[in-house]
Amino acid sequence: MLMSLGGLVFLAALLGMLLAYLTRTTAIRRMRTLGGEQDVLDAREDKFNIHLGLMTSVQVVGGNEIEVLFNGDQTFPRIWDAIKDAKHVICVHVYEVNPGQVADTLLRALSERAQAGVQVLVLLDAIGSGQMPRSYRQRLIAAGAEVAIYRPLRLKEAYKFQQRMHMRAIVIDGRIGFTGGFGIADQWLGNGRAQDQWRDTNVRIDGPAAMQLQVAFSNNWAEATGDLLIGDTISPFNRMPSVDEPQAAGIMACSPSLGSTNAERFFFLAITSARKRIYIASAYFVPTHGMRWLLMNAVDRGVDVRVLTPGSNTNQPLVWHAGRAIYRQLMDAGVRIYAYQPGMMHAKTFVADACWATVGTFNIDNRSMTLNDEVALIIRDETIAQCLEQHFLADLEDSKELRPRDLQPESGLDWIKIRGSRLLTPFL
């Protein structure tokens, strides 16, 4: 009987540790300045660049040509053109791949280049591409492409299953790269202004930052296949330009961690260093306690903090309900939150003081900060930052600023949805 009771206690302890691991949240709660100084960082000063490199391992280098691409109308033609011009290697990982016109076009484009002798590597996430029939993968392989599945459900690796590779990375010859929020699915077609067209922001990179995106892809390819990729297409540039050269940018790649992640450290640094305004577009906006404190503290410093997110038209209702449980605290502190009206808003961008910006796959939620593999282009260029600001403000014209009354439950069932969803925020 004692052994049986001891066994139950041991099992309960194991289950408790597993639950704690699965529901872990971000490690950073606040920023603290050593040495008695206050507000020592300013996003416009070189000191911020130094802290960014030291604390996030992001190498921001100049010499890039960065093109901001809005929605599928601008994004997909540039991707198809780049694939068509590939000479040596094409690497593709886009989290969401669903049957339809876009997937068929990608299949034809990759098959043509593979048959022409170009190496084609395709990494499919086990969850994100779960709707694609096996025949899609078989047709790619038959054309000469290499296809790998990332983190399929295996008993010995079951603890990894909820930690998805949410990245978007398409890299051509190690020189041209694409990332952002886009997926290989038909909802990304169009201009993002209709109910069935997702609003998104992406970037095309020509330069050394594309090489960094290649490395991010290669790291995940190594986990999926056991092959660590090397060669001239991984590092095609003879030198790394300095941060002082035009269009300075770097790739921030993040993997799950038991401690703080690069993403947490970057956003805490950037928000703390903003002096005038912070504009955030986040498809899934469920900030942790520490992130909420940070945004409210920025408002207290006189920073104009605005957030663009979907409303009830989101494709993830749990996120909307969880947001309704926490947005009031932010709104009471002066954070302005807007719900995009034409359709699903899926962009993930951040702009601070019109000088620093990010475009990538990070949402402001625990899943992006702690659980997923994510990637973003961090940009130190005022022209691009101002472009992103202008489009953000244009999107606000098609949005509704949320008020406390918009967050109120409409029924007893609605109240249960709000409270229940908030309990699930570590997974969102």
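This report walks through a sheet, the helices around it and a few cysteines in the structure above. The model is a predicted one, so please read every value below as computed from it.

**The sheet**

Let's start with the strands. Eight of them form an open sheet, and their order is β8-β14-β13-β12-β9-β10-β11-β15, with mixed pairing. At the edges sit β8 (248–254) and β15 (399–401), each of which pairs on one side only. From one strand to the next, the twist averages 15°.

The mixed character is easy to follow in two neighbouring pairs, set side by side here.

| Strand pair | Direction | Bridges | One bridge pair |
|---|---|---|---|
| β13 (residues 356–360) and β14 (residues 374–380) | antiparallel | five | Val359 with Leu377 |
| β9 and β10 (residues 304–310) | parallel | five | Ile280 with Val307 |

If you are browsing the side chains, it helps to recall that in a regular strand they alternate between the two faces of the sheet.

**A helix on the sheet**

Helix α7 (residues 262–273) packs on this sheet. The strands that α7 touches are β8, β9 (277–282), β12 (348–352), β13 and β14. Relative to the direction of β8, the direction of α7 makes an angle of about 135°. One of the touched strands, β9, is mostly covered, with five of its six residues buried.

**Two crossing helices**

How do α9 and α12 lie with respect to one another? The axes of helix α9 (residues 317–333) and helix α12 (residues 412–423) cross at roughly 90° and come within 7 Å. That angle is why α9 counts as roughly perpendicular to α12.

On the α9 side, the contact involves Leu318, His321, Ala322, Arg324, Ala325 and Ile326. Their counterparts in α12 are Asp414, Lys417, Ile418, Arg419, Ser421 and Arg422. Sorted by character, the residues of this contact comprise five nonpolar, five charged and two polar ones.

**Cysteines**

A disulfide is a covalent bond between the sulfur atoms of two cysteines. With a cut-off of 2.5 Å between cysteine sulfur atoms, the count here comes to zero disulfides.

Are Cys91 and Cys387 buried or exposed? Cys91 has a relative accessibility of 1%, so Cys91 counts as buried, the limit for that class being under 20%. Cys387 has a relative accessible area of 24%, and is therefore partly exposed.

How values were computed. Residues numbered from 1 in each chain as written. Predicted model: local features only at pLDDT ≥ 70, side-chain atom pairs only at ≥ 80, totals over all residues. Heavy atoms only, no water. Buried < 20%, exposed > 50% of the residue type's maximum accessible area, 1.4 Å probe, protein only. Axes fitted to C-alpha atoms, helices over the stretch in contact; angles between N-to-C directions. Helix = DSSP H or I, 4+ residues; strand = E, 2+ residues; numbered from the N terminus. Parallel < 35°, antiparallel > 145°, perpendicular 65-115°, else oblique. Contact = heavy atoms within 4.5 Å. Nonpolar A, V, L, I, M, F, W, Y, C, P; charged D, E, K, R; others polar. Pairing = 2+ DSSP bridges.
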